[in-house]
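User: Please take me through one part of this structure in detail, namely the surroundings of the ligand. I would also like to see how they fit into the fold around them.

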Amino acid sequence: MSAADSILSVHDLMVRFPIAGPFGRRLGEIRALDGVSLHLSQGEILGLVGESGCGKSTLGKTLMGIQKPTSGSILLDGNEIAGQSPRAARALRRRLQYAYQDPGASLDPRWKIGKSLEEPLVIHTDLPRAERLRKVTEILVSVGLPAGHANLFPHEISGGQQRRVGLARILMLNPDIVILDEPTAGLDVSVQAAVLRLFRDLRETFDLSYIFISHDLSVVRLMCHRIAVMYLGRIVEIGSADDIMDAPKHPYTQSLLAALPKVNGPRVTENFWLEGEPPDAARLPPGCRFQGRCPHVQPICRAEDPAERKVGSQIVACHFAGSVTPPTKDRT
Ligand SMILES: Nc1ncnc2c1ncn2[C@@H]1O[C@H](COP(=O)(O)OP(=O)(O)OP(=O)(O)O)[C@@H](O)[C@H]1O
Ligand SMILES: [Mg+2]
């Protein structure tokens, strides 16, 4: 899949948050997104992984228009969103929906589920009430819930069912692209498996493409065609799920994978790498942002921020990608 047939493409996206001091003085800025570029093809599931605070949700919210970008471009089917009138941008963006990290938070606790599901249709369409109710029932059933759940309140259903309702709410507007932000966080393993199956089924039924944000690399491997690895506001490696998981090229990806248990074969020592916290996003060092935690660091890494380049089948931002491999130790 190439950038040419993408339904969504993002170029050099920046989001900076000012840090305000006393009396409104500006003390600095957080570079939550620092030059992110990616594309998504029709029907594709693109995984987005990285440690807490690296900018995954900010990217999702910026694509959705909830967060305003500082600069950069977002194209949907080749149409630049930034250049559109607010009305046209809204219409374009309806094709793209964001499923919040906390689904409970997106449902009004005082509203019955049916009302929460009907609301997007009231706001965005001219459908008569009977049609809206028909659609609520249809979508509830398609996410695997009984139609009668329309009459329940959010607190009367389980966490797994709340996820399904959150998804149903998004599907009401017939999106093409859904951004799933930590969609299985906080769910039991058995419920997780059912929700993941549902995502797969819905993708087929509704012809969806997903951006799948998760901390959980094993879930991402199971679900995604490609994986983008983020570190402090930047994508440091992107490639097919198999290549990223089997032959990671960036030392950060290698260290994330080292934390995953492996059933067979050599394994990276547990106490190796990824010690410490990532540096403060407000005070990035010059050069490579991973230098402080990288065991392969060289003088050039402290001086120059590495450009993205093709290494094997992946795009990697590391001066030494391709020539660094994690040390291994046979499992005892
Ligand atoms: N509205 C905001 N104002 C100021 N800073 C923000 C805002 N939203 C996010 N940030 C900062 O931007 C950075 C990226 O945050 P973001 O929520 O995108 O991370 P994340 O990768 O989704 O983390 P997590 O895995 O914990 O959900 C963090 O340093 C965060 O503190
Ligand atoms: Mg987040």
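Analyst: Let's start with strand 1 (residues 6–20) and strand 2, which run antiparallel and are joined by 12 bridges. Here helices (H or I, at least four residues) and strands (E, at least two) are DSSP runs, numbered from the N terminus, and two strands pair if DSSP finds at least two bridges between them. One pair of partners to look for is F17 and, in strand 2, I30.

Before going further, a word on the ground rules. This is a predicted model, where local features need pLDDT of at least 70 and side-chain atom pairs count only at pLDDT 80 or more, while totals for chains, interfaces and linings use all residues. Residues are numbered from 1 along each chain as its sequence is written, chains are lettered from A and ligands numbered from 1 in the order in which they are written, and side-chain values use heavy atoms, with hydrogens and water left out.

Back to the fold: strands 1 and 2 belong to an open, antiparallel sheet of 4 strands in the order 2-1-4-5. Its edges are strand 2 and strand 5 (79–80), each pairing on one side only. Across strand 1, strand 2 and strand 4 (71–76) lies helix 1, at about 115° to strand 1. The touching elements are in contact (heavy atoms within 4.5 Å), and angles run from 0 to 180 degrees between N-to-C directions, with axes fitted to C-alpha atoms, for helices over the stretch in contact.

Now for the ligand itself. Which elements supply at least two residues each to the shell around ligand 1? They are strand 2 (26–41) and helix 1, and helix 1 gives the largest share, 3 residues. Ligand 1 has 13 residues around it, of which S52, G53, K56, S57 and T58 come nearest; to count as near, a residue needs a heavy atom within 4 Å.

The atom pairs fill in the picture. From an oxygen atom of ligand 1 to an N or O atom in the side chain of S52 the distance is 2.4 Å. For the side chain of K56, an N or O atom is 2.8 Å from a ligand oxygen. The backbone takes part too: a polar backbone atom of G55 is 3.1 Å from an oxygen of ligand 1. A polar contact is a pair of N or O atoms within 3.5 Å; within protein, one must be able to donate a hydrogen and the other to accept it, and residues adjacent in sequence count only if both atoms are side-chain atoms. Ligand 1 taken alone exposes 640 Å², and the protein buries 64% of that; the areas come from the Shrake-Rupley method with a 1.4 Å probe, and for residues only the protein chains shown count as cover.

Helix 1 also leads us to a second sheet, an open one with mixed pairing, where 8 strands follow the order 6-7-8-3-9-10-12-11. Strand 6 (96–99) and strand 11 (309–311) are its edges, each pairing on one side only. On average, neighbouring strands here are turned by 20° against each other, direction ignored. Within this sheet, strand 7 (residues 177–181) and strand 8 (residues 209–213) pair in the parallel sense over 5 bridges, with V178 facing its bridge partner Y210 in strand 8. Helix 1 (residues 56–64) packs on this sheet, touching strand 3 (45–49), strand 6, strand 7, strand 8 and strand 9 (226–231), and its direction makes about 145° with that of strand 6.
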